[in-house]
Structures are given as C-alpha cells and as structure tokens.
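User: Please take a close look at the largest cavity in this model. What lines the cavity, and what surrounds that part of the chain?

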Amino acid sequence: MAHINQNFLKLPGGYLFPEIGRRVRAFSAEGTPMPLIRLGIGDVTQPLAPAVVEAMKKAAEEMGHKDTFRGYCEETCCAYDFLRFAIQNSYRAHGVHIADDEIFVSDGAKSDCGNIGDIFAVDNVVAVCDPVYPVYVDTNAMAGRAGEFDGERWSNLVYLPCTAENGFFPEVPKDRVADLIYICSPNNPTGTAATREQLKVWVDYANANGSVILYDSAYEAFITQPEVPHSIFEVEGAKTCAIEFRSFSKTAGFTGTRCAYTVVPKALERDGASLNALWNRRQGTKFNGVPYVVQRGAEAVFSPEGQAQTKAAIAYYLNNAKVIKEGLSAAGLTVYGGVNAPYLWVRTPEGIGSWDFFDLILKRACVVTTPGAGFGPSGEGYIRVTAFGDADATREAVERIKAVL
C-alpha cells in the first residue's frame, strides 16, 4: 500500500490566497452593490513591455524553422548564455560580480524559494520573519522541518517578529541558532526594505554559525532610496553565507509568463560540499529549463528599450502606492511601506482584527485586500494592500475605503 507524506496533513485548512478567494466568491454570489476592486493578491495589471513582446515574437518565429529551432536547453544551469550574461551585467551596475555559472534561471522565485529546501537536511532549524510570505513556511512544513502546528505557530520554526517597534526588520535569535534564514527585502508583506547595516548583522551571524541566508529580492526593482541595497551580495561576506532569489514577475510583468533566477555563489559551502553544485544537480534532475521564447523575452528586459519600458511600469505602480499611502493616512490609518515596494502594510483601526477588517472593507467598500494574520502571528492587526491595480481603480478604492471608516 502506498503511503502519503503525512506532513501535508499537518498544514492548516488552506493557503491564504485560496481562502481569500473563497470569501470573495461567497460575497459575490450574494450580489455586490458595486464592482469589486482587487488590491489583495499581488498580480500585475500592466501588459508586457513592447521590447519583451517583440523579442518573444522573434523567438517564436525562430522556433518555426529547422535551422533556428531550439529543443532542450543544454547550456550551463539550464539557462541560455545570452540571459545569464544579461543578468551578470545587471549585477555589475550595483558593483557586484557574479559568475555566469552562479546564475540559475527558473520558472519563478516562488518555486525556487520552496525547492531550495531539497538540498538541505530535514533537521535544519528554519527561521522566518513574522509576518512572512506563506511559501517559506508551508514548503518547510511539507518537508517536515516545521514540526506541529498549534493553530498559530509551528513548533520547530524560529519566528523573528517584525513589528513597528523594530522597523519591521528582525533581530538575530538569542535562544536558538537558526540554520536556514529566510529574509525578504523589499519585504512582502510589510513593504519595508533593509539597509546594508541591518543585513550586515545577519551576514555576520550566518558566517559565524554556519547558517545560510535565503534572500528573496523579488521586488528589488522597486527600490527608490539610494541607501537601500539591491542585492545582499553588496554586503561584505554574503557570498559565503547567502543564496539570492530574483524574479521577472513583478519587475517586468512576467506573472503569467514565468521566469526568475537564483544566484548560488561557488564560495558557499556547507559540510564540505558546494551548494552551487548541489543546486545544479537538483535543477538538472528535476527541471528542464525555462522555454527559449521566454528567456529571449527576459533578455529583452535588460535592453535599453526594455529598461525604459519596465521602469515606466514600475513607476506606475509606485504612483499607485503613493495614492494609497497618502489617501489612507489622511483617513486616519497608520500606513507603512509603499516607498521601496509595491505593498502597503496598514494597521487596522483599534480593536478590529485582520480578518474582520478584511470583511468590513470587502462588504462595505467592495475592495479586496489581504488580512495580515494570514502572514503569521505578528501580522494580526494589519492588512496588506497592493499597488498593482489599475490607477483609476486604485484611486476609487481609496475613496471607497475612506468613506466606510
């Protein structure tokens, strides 16, 4: 008889976003007094940049001719040289040198953040920021690293509270050494970003304890303040303790196209083994690479035209963030984020829980947000609002929310 992975049965009833979807569908079935505006799930609304579209059209045409057809990608790291070299150059712009065979192209940072656990032992102690992007927690629970769930916390995880009091950036744990440390900056869900000084504390901690930082920088393209680093590898010592995840999803609107990359330095070793080699082995075994057409589109993001066009889309979303922040602040709410990230972290009115405030805004303003409690215990008392909506709809959503407060 086949047996299942019992760790799946320990997971809470549903992933955060399907639960939001269930509530929205139930409300919609009753008939909404006005059209819904969705500022919950962080999906983009602006189309792919023209330079990207043209590159993909050209690549698709190549696939229709025998002499330019591409099958399996047999180049280094399941990625074509042209894209890895373009990514290399983007790091150089921030003073960071990354070797081409340290760059692994994939179908998404979400996938890589979860799959990276394959190269680590089950008994590693995992630390997560609280609040946290749910994928970090759930994939480790599936692997058996999280322990038991008590309805609020997992018994084996180290929770690193990120609150207004500490600027939404965690302090190193004092009672237990963390082996694997997830850090996201700019942060999802709080919309805040770490400084070099803050990251240096964690880099020193990881090198001193043999830990590995799993650094999710999927939103680095939204950074506007010069003092905020775009990569953890801008911090001295990071190449011996960190893995970095990046994505084209929010940077260039690839949420439906799927392309990302992970950087695993060759200087990073644990137990005498190269993590770069282990990840290369894992990817070569379980993954056949991102399609040629998509990789050509991703390459075009780094072209002068692609940079100008994608930056225009990012500016569009950041302007939405400004509208949300200014509007909700004027209504008396405390709002964080939205300066270096497309997310706003909004404190709920006194005495109202996250899910209750979510329901209130949904049913009275017909605006979909994300309850902070879904991101972990420290997320209670907040909602997350995304800036990825249409500009006119975003302005209307803010006015609707203001009207019900």
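Analyst: In this predicted model, the largest cavity is lined by Val128, Cys129, Pro131, Val132, Tyr133, Tyr136, Tyr182, Ile183, Cys184, Asn187 and Asn188. Two elements give two or more residues each to this lining: strand S3 (126-130) and strand S5 (180-184). S5 supplies the largest share, three residues. By class, nine lining residues are nonpolar and two are polar. None is charged. The volume is about 40 Å³. A search of the whole structure finds one cavity of 30 Å³ or more.

Start with the loops after the two strands. Pro131, a lining residue, sits in the loop between S3 and helix H6 (134-143). The peptide bond from Asp130 to Pro131 is cis, with omega near 15 degrees. After S5 there is another cis bond, joining Ser185 and Pro186. Its omega is about -5 degrees. Pro186 belongs to the loop between S5 and helix H7 (196-209). Pro186 is not named in the lining, but Cys184 and Asn187 are.

Now the sheet. S3 and S5 belong to an open sheet of seven strands, in the order S2-S8-S7-S6-S5-S3-S4. The pairing is mixed. Strand S2 (103-106) and strand S4 (158-161) are the edge strands; each has a single partner, so one side of each has no neighbour in the sheet. On average, neighbouring strands are turned by 20 degrees against each other, direction ignored.

S5 runs parallel to strand S6 (residues 212-216), and five bridges join them. Tyr182 of the cavity lining stands opposite Leu214 in S6. Helix H9 (residues 275-286) packs on the sheet. H9 touches S2, S6, strand S7 (242-247) and strand S8 (260-263). The direction of H9 makes about 25 degrees with that of S2.

One more feature involves the chain leading into S5. The structure holds 20 aromatic pairs. In one of them, the ring centres of Phe168 and Tyr336 are 4.7 Å apart and the planes stand at 65 degrees, so the pair is edge-to-face. Phe168 is in the loop between S4 and S5, while Tyr336 is in strand S11 (residues 335-337). The pair links distant parts of the chain, 168 residues apart.

Back to the cavity: S5 gives three residues to the lining, is joined to S6 by five bridges, and is followed by the loop that holds Pro186.

Notes: Residues numbered from 1 in each chain as written. Predicted model: local features only at pLDDT ≥ 70, side-chain atom pairs only at ≥ 80, totals over all residues. Heavy atoms only, no water. 1 Å grid on protein atoms, 1.4 Å probe; cavity = no way out; pocket = protein on both sides within 12 Å on 5 of 7 lines; lining within 4 Å. Points joined across faces, edges and corners; volume = space filled by probe spheres on them. Helix = DSSP H or I, 4+ residues; strand = E, 2+ residues; numbered from the N terminus. Nonpolar A, V, L, I, M, F, W, Y, C, P; charged D, E, K, R; others polar. Pairing = 2+ DSSP bridges. Axes fitted to C-alpha atoms, helices over the stretch in contact; angles between N-to-C directions. Contact = heavy atoms within 4.5 Å. Phe/Tyr/Trp six-rings, centres within 6.5 Å; stacked < 30°, edge-to-face > 60°.
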